[in-house]
Each structure stands twice: as structure tokens, then as C-alpha cells.
Amino acid sequence: MLKPEPALDRDPGLQPERTGLAWSRTAFVMLLLSILLLRGGVAHHEPWLAWAGVVLLVTTGATYAWAGVRLRVITINSAPVTVSATWAMRVTALTVALVGLSLTVSVLYHGELLAHLRALLP
């Protein structure tokens, strides 16, 4: 019977840095979208947009914090995928999906929303 090959050491190259940067870029885009949603919700008295912006802003802060923690964990541990990392990705994806759903509901409920968003952009 064949013996399993021993696990190879992880490549200590730039993968942890790229992963940390990817989390940071994701959080930055989320920050921009949350500011746009907040501005649109407040400027045009759209509570759904404002709440979606607040939820996305809180998630953005958590994502920035997670990016730092994740980078430290990846550089120290040999197993890059943990249960907490999987749950963080799921929660982030769920939050972004819910914010997108609220934006869709707001667009369908208020037909003039796209015109309002165009007015916000310079």
C-alpha cells in the first residue's frame, strides 16, 4: 500500500501579503460604497439607503480589522484556511448581498432613485 507523502512546507513568498492586500482592497471598495449610500440616503431622505450605508460601514470596519488579523495569522500559521476565516468570508458576502438587496428594493420602490444617484456624482 502506498504511504501518503509528507506535507510540504508552505511557500513563504508573497502569498500572505497578497491575501492581506486583497482583504484591504475589498474593505476600501466597501467603504466607498457605504459613503455613497449614506450620502444618497441622507441627501434624498431615503431611509433604506441610509441604513444600508450604516450596515455596510460597520461591516467595512470589521473587514479592515479582519484584514490585519488575517495577515498575522497567515504569516504565522502553516494552515492558511481556518474555520474563523471561512465564517468571516461568509458573513462579509452575506452583508454585501443584503445591502445589494436593500438597494434593489429601494430602486424598485422609488423609481427616481437612479436620477438621484446620478445627481450625486460630479
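**Helices, cores and a pocket**

Student: Is His45 buried or exposed?
Tutor: In this predicted model, the relative accessible area of His45 is 70%. Anything over 50% counts as exposed, so His45 is exposed.

Student: Where does His45 lie?
Tutor: Look at the backbone while you're there: His45 isn't a glycine, yet its phi is positive, at about 55°. As for its place, His45 belongs to the loop between H1 and H2.

Student: Which helix supplies the largest share of the largest nonpolar core?
Tutor: That core has six residues: Met30, Leu37, Leu49, Ala52, Leu56 and Val99. Helix H1 (15–43) and helix H2 (47–76) each give at least two of them. The largest share is three residues, and the helix behind it is H2.

Student: How many residues are in the second, separate core?
Tutor: Its members include Trp23, Ala67, Ala85 and Ala88. The full count for this second core is five residues.

Student: What is Leu37 in contact with, leaving aside its neighbours within four places in sequence?
Tutor: Start with the largest core, where Leu37 sits alongside Leu49, Ala52, Leu56 and Val99. Those four are also among the contacts of Leu37. The whole set is Leu49, Ala50, Ala52, Gly53, Leu56, Val99 and Leu103.

Student: Which residues are the closest to the centre of the largest pocket?
Tutor: This pocket holds about 200 Å³ of space. Ten residues line it, and the closest to its centre are Leu33, Leu37, Leu56, Val99 and Leu103.

Student: How many charged residues does the lining of the largest pocket have?
Tutor: H1 and helix H3 (83–109) each put at least two residues into this lining. Sorted by class, the lining has nine nonpolar residues and one polar. That leaves the charged class, and its count is no residues.

Student: Thr60 is a polar name on a helix, so to speak; is Thr60 buried or exposed?
Tutor: Thr60 is part of helix H2. Beyond its neighbours within four places in sequence, Thr60 touches Ala27, Met30, Leu31 and Ser34. Its relative accessibility is 2%, and since the cut-off for buried is under 20%, Thr60 is buried.

Student: What separates the C-alpha atoms of Arg72 and Glu17?
Tutor: Arg72 is also in helix H2, but at 52% relative accessibility this residue counts as exposed. Along the chain, Arg72 and Glu17 are 55 residues apart. In space, their C-alpha atoms are separated by 9.7 Å.

Technical notes:
Residues numbered from 1 in each chain as written. Predicted model: local features only at pLDDT ≥ 70, side-chain atom pairs only at ≥ 80, totals over all residues. Heavy atoms only, no water. Core = buried A, V, L, I, M, F, W, Y, C linked by side-chain atoms within 4.5 Å. Buried < 20%, exposed > 50% of the residue type's maximum accessible area, 1.4 Å probe, protein only. Helix = DSSP H or I, 4+ residues; strand = E, 2+ residues; numbered from the N terminus. Contact = heavy atoms within 4.5 Å. 1 Å grid on protein atoms, 1.4 Å probe; cavity = no way out; pocket = protein on both sides within 12 Å on 5 of 7 lines; lining within 4 Å. Points joined across faces, edges and corners; volume = space filled by probe spheres on them. Nonpolar A, V, L, I, M, F, W, Y, C, P; charged D, E, K, R; others polar.
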